[in-house]
Amino acid sequence: MGLFSRRRRPAPAAPDAPPTGRAAREETVGHLREFVRTRVGVEAYLEPQTNVTQTTLMLIATDGEWTRRRVPDGRAGWDIAKELGVPFYDVQRTGYPQRMRDWNSRQRIERERAARERAARRAVDPR
């Protein structure tokens, strides 16, 4: 047996390590399936890989709420959208829907309002 022909066992994964392979796909699809099940009018948007991010699949509901998960490539994103039974769009061709931008704006306003209220409470009762 040669030096390079030995098979080494892979190191066991750390208990808190993120899932890989089939487990990662099942976790991703499970999250997206739950999003589709609990929202109305969900559509899938494929976001291309960039220098900073991997290819992602974004699901956007009718009210603009969204979630995003990494996918290996565009074909995998299309397959997942088909499996979930939701319309599939390519962000490079369609852009993001206005309802998503509106939802983001509402969320930012609510976060800022909550921060102001917390600051006002701390000013009244500085414990």
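What covers the buried residues of α1? The cover includes β2 (56–60), β3 (66–70) and α2. Bear in mind that this is a predicted model, with an average pLDDT of 88 over the protein chain and 83% of the residues at 70 or better. Here's a quick tour, starting with that helix and moving on to the hairpin and the salt bridges.

**Confidence**

- Among the elements of the protein chain, strand β1 (residues 43–47) comes out with the highest mean pLDDT, at 98.
- Helix α1 (residues 21–38) has the lowest mean among those elements, at 90.
- As a rule of thumb, predicted coordinates shouldn't be read in detail where pLDDT is low.

**Helix α1 and its two sides**

- With 18 residues at 1.5 Å each, α1 should span 26 Å, and its end C-alpha atoms do sit 26 Å apart, so expectation and model agree.
- The buried residues of α1 are T28, V29, L32, F35 and V36. They take up an arc of only 120° around the axis, which means they share the same side of the helix.
- Turn to the other side of α1 and you'll find R22, E27 and R37 exposed.
- Back on the buried list, T28 has a relative accessibility of 16%; the cut-off for buried is under 20%, so T28 counts as buried.
- Leaving out residues up to four places away in sequence, T28 touches R69 and R70.

**The β2–β3 hairpin and G64**

- β2 and β3 run antiparallel and are joined by five bridges.
- One of the pairings to look up is I60 with W66, its bridge partner in β3.
- The two strands form a hairpin with five residues between them, and G64 is located in that loop.
- The backbone of G64 has a positive phi of about 100° in the turn.
- G64 counts as buried because its relative accessibility is 0%.
- What does G64 touch, not counting residues up to four places away in sequence? Its contacts are R99, M100 and W103.
- For M100, the C-alpha atom is 4.0 Å from that of G64, although the two residues are 36 apart along the chain.

**Salt bridges between elements**

- How many salt bridges are there in the count? The total is eight.
- R25 pairs with E83, with their closest N and O atoms 3.3 Å apart. Since R25 lies in helix α1 and E83 in helix α2 (residues 74–84), this pair ties together parts that are 58 residues apart in sequence.
- Both partners count as partly exposed: R25 has a relative accessibility of 36%, and E83 has 41%.
- R33 comes into the picture too, as R25, R33 and E83 are linked in a network of salt bridges.
- R99 and E43 meet through their side chains at 2.6 Å, N to O, in another salt bridge. This one links distant parts of the chain, with R99 in helix α4 (residues 98–124), E43 in strand β1, and their positions 56 residues apart.
- Are R99 and E43 buried or partly exposed? R99 is partly exposed, at 24% relative accessible area, while E43 counts as buried at 17%.
- R99 also turns up among the contacts of G64, so if you're looking at the hairpin loop, check this residue for its salt bridge with E43 as well.

**A salt bridge within α4**

- The side chains of E112 and R108 form a salt bridge too, at 3.9 Å from N to O.
- Why are E112 and R108 about one helical turn apart? They are four residues apart in helix α4, which accounts for that separation.
- E112 is partly exposed at 41% relative accessibility, and R108 is likewise partly exposed at 41%.

**One more spot: R75 in α2**

- R75 is found in helix α2.
- With a relative accessible area of 55%, R75 is exposed.
- From R75 to L46 is 29 residues in sequence, and their C-alpha atoms are 9.7 Å apart in space.

Note on methods:
Residues numbered from 1 in each chain as written. Predicted model: local features only at pLDDT ≥ 70, side-chain atom pairs only at ≥ 80, totals over all residues. Heavy atoms only, no water. pLDDT = per-residue confidence, 0-100. Buried < 20%, exposed > 50% of the residue type's maximum accessible area, 1.4 Å probe, protein only. Contact = heavy atoms within 4.5 Å. Salt bridge = Lys/Arg side-chain N within 4 Å of Asp/Glu carboxyl O. Expected span 1.5 Å × (residues − 1). Arc of directions from axis to C-beta. Pairing = 2+ DSSP bridges.
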